[in-house]
Amino acid sequence: MKHRLLICCLAALALGQVCIPLTASAKDNAPKIEATVHLDQEGDPIHPFIHGMFTELLGNMFENGIWAEMLSDRKFFYPVDNSETLTPRNSKGHQLRWRPVGPESAVQMDKENAYVGKQSPKINVASGKAGIRQAGLWLAKGRSYDGRIVIRGEGSVKVSISLVWGNGSSDKQTVVLDDLKNNYKKYLFTFTAGADVRDAALEIVGEGSGSFEVGAVSLMPSDNIEGFRADLVAILKEIGSPIYRWPGGNFLSGYEWRDGIGDPDQRPPRYDYAWNTVESNDMGTDEYLTWCRLLGSEPYLVVNTGFGDAYSAAQWVEYVNGAESTPMGRLRAKNGHPAPYGVVYWGVGNEGYGEWQLGHMSSEHYVLKHNYFGEAMLEKDPNIKLIASGASVPEQSSQYRNYHKPYQTSLPVEFMGYFDWSGQLLKGSLDYIDYISEHIYPNSSAYFDLESQSWVRTQFDFLEQIRLCTNRVKNSVEAMDKYEELIPGLKEKHVPYWIDEWAPGRGRGFGGTISAAVTLHEMYRYSHYVMMAGLTSVGSLYTSNDVKATISATGLLFKLYIEHQGDIPLGLTGNSPQKAMKGTAFIDIPLEPSGSPTYPLDIVATKDSKSGKVMVTVANPTEETQSFALTFDGGKPGTSVKVYALAPDKMEDLITVDEPNKIQVQTRTEKFNKNITVAPNSVTMYEFTFK
Ligand code: AHR
């Protein structure tokens, strides 16, 4: 011991430092956690797509969300009346109603000459003023709004369109249409809001003699960017997620892509049986590809293998990628997009294995269906890459909690058996698979007990919660190892995962961000197997109301990682293994604990192959300050380290539109002396340079 101390003193003197012998209490204060980065242990490159996003035509993700349209049901799927409830029901959280102005009987739904969809409201003004209105619009004072209406009239009817923000006679702006024709015509108008209000209304009211009929109506803030909310485009562009998946999700299995092209006012609103809501189809293929262009992101389209068919999927490939001389390419050009988009990544279906999926079928039949799709799609464009809709043994088994009982099999499902969805696809469809998808939605309130074959309810503490996703990442990787053993030709072909849906446990406030961080770390560790990941969902990157938006803590995390994480994962060892959790291998836990051996911290090291810089990122999920000793095997870093820290005061802290700076990335430079101290509830990235 003495001998070691002497060496330490000599070394310190050589460096011009004062040597202070360790006293008993200084020894006690030395960090107990040790981590060593092995500079010569390089993993496969981390694909940028790991920082991807999942989006779906679901809830208010696009409608009354990213898409700037402010009106609900702008093409009148529902009748305009005073009824309490909507039939069929509508599960959207933000769904405004059209109501009659004047007598309800003056508004009839015209089903014979509907402009779009199944009906259009026809308003008879014979008995005085009558019309329709939608209230609940949120306006910002001085902001300008662009409107559009498709309307026709009979007799001599004068229609006033008003944006109303109060009860006074001057609390509105109005445009008058007094030249309506029997045929539908489109009119444009612009309003400027005179107040900040949350319950403004758009009113369309006629007077005179005769009737008028509204085919479609739209209202958007004038600063929208090609139909998207300008503030959200700016935030998401700044974050720079490299790939977006669209249009689903469960929604996809009932989606008819042809409903979402051409004049948006003429695209039919359709009932969405996956989510029990209505899809306006305003956000269609060309809009999605515009979205990707605006953000500079790679598109990843997914075709409908639920109620859909191979022919339609191939037509979609042709619409998107076909030359202008092809029938679908011609249609695309007619819709204003002559140049093929050249979309490379195409998903084939979504969660076909699940009972909840429209068009769910046996694995045997699904393998055949996948092959029909693959063949037809590749015929239209041999350059596309196909992502099969898989579910490994762990995904399939852990999703069994959602199945109707009695379950048809014991869990985990048998590798390569009838219920092993990914196993069956990888065996029977390998020629039509480049990558295979996996979804990670762990059970957050139960673990699986093998013996009793049941989910046992439990309350995971936060340090366990953050392991739910990492456990599933790791056990999916373990499953792929098994598939490579069991399926001839698979190892040689190498089919990486596209974890194109994953949702970190929410935790409290910043807890969700820590959970996202450690899940990304786990994916970096297995970069050989995980090529792409899609966070569920893009909405986690920002927080917004109808008039304001700001980046969220998870958005800051993604921006930080996208900008600064290196592309090469490095080996990391430690002296403090993560705790084993209850559960069952190949269902909810891996064979060995996930995460780094630096409990309770999660540490990952990556290297930037261009600059040679090494990033060591530490997630501290505890509410205490933590320290650890960091060494590098194979090199000596400079003594100055750049630090990027996301460290809110409290775990509960959240960014809101009213407190956009509540959490920020703090940057500073620190002296590196082996011991590192990280703040409570934090994610901190250390940037080391090597000579
Ligand atoms: O919450 C999103 C849904 O979860 C997706 O639509 C589906 O693919 C998954 O089950």
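# A guided tour of the model

Start with the whole chain: the protein is divided into domain 1 (2-46 + 568-688), domain 2 (48-66 + 225-564) and domain 3 (98-221). Give each of these domains its own colour. Keep in mind, as you look around, that this is a predicted model. Now find domain 1 and domain 3, whose C-alpha centres lie 61 Å apart.

**Stop 1: the ligand**

Select the ligand next, and then show the residues around it: E56, G249, N250, W275, N350, E351, H439, Y441 and E501. How does this shell divide into nonpolar, polar and charged residues? Two are nonpolar, four are polar and three are charged.

Zoom in on some of the individual contacts. Click on E501 first: a polar atom of its side chain is 2.7 Å from a ligand oxygen atom. Move on to N250, where a polar atom of the backbone lies 2.8 Å from an oxygen atom of the ligand. Then pick N350, which places a polar side-chain atom 3.0 Å from a ligand oxygen. How much of the ligand does the protein bury? Taken alone, the ligand exposes 280 Å², and 81% of that is buried by the protein.

**Stop 2: strand β14 and its partners**

Hide the ligand and select residues 298-303, which form strand β14. This strand is mostly covered, with five of its six residues buried. Which strands should you add to the view?

- Add β11 (residues 243-246), which runs parallel to β14 and is joined to it by four bridges.
- Add β15 (residues 345-348) as well; β15 also pairs with β14 in the parallel sense, over four bridges.

Now highlight L301 in β14. It is the bridge partner of W246, and it also stands opposite W346 in β15. Showing W246 and L301 together marks one pairing, and adding W346 marks the other. While you have the strands on screen, here is a general pattern to look for: in a regular strand, side chains alternate between the two faces of the sheet.

**Stop 3: a glutamine in a loop**

For the last stop, select Q578, in the loop between β24 (568-574) and β25 (602-607). Is Q578 buried or exposed? Q578 counts as buried because its relative accessibility is 9%, and the cut-off for buried is under 20%.

Which backbone oxygens lie by its side chain? Show S596 first: its backbone oxygen is 2.7 Å from a polar atom of the Q578 side chain. Then show L601, whose backbone oxygen lies 3.0 Å from a polar side-chain atom of Q578.

Technical notes
Residues are numbered from 1 along each chain as its sequence is written. This is a predicted model: local features need pLDDT of at least 70, side-chain atom pairs count only at pLDDT 80 or more; totals for chains, interfaces and linings use all residues. Side-chain values use heavy atoms; hydrogens and water are left out. A residue is near a molecule or strand if one of its heavy atoms lies within 4 Å of it. A polar contact is a pair of N or O atoms within 3.5 Å; within protein, one must be able to donate a hydrogen and the other to accept it, and residues adjacent in sequence count only if both atoms are side-chain atoms. Accessible areas come from the Shrake-Rupley method with a 1.4 Å probe; for residues, only the protein chains shown count as cover. Ala, Val, Leu, Ile, Met, Phe, Trp, Tyr, Cys and Pro count as nonpolar, Asp, Glu, Lys and Arg as charged, and the others, Gly among them, as polar. Buried means under 20% relative accessible area, exposed over 50%, partly exposed in between (1.4 Å probe, protein chains only). Helices (H or I, at least four residues) and strands (E, at least two) are DSSP runs, numbered from the N terminus. Two strands pair if DSSP finds at least two bridges between them. Domain bounds come from an automatic or database domain assignment.
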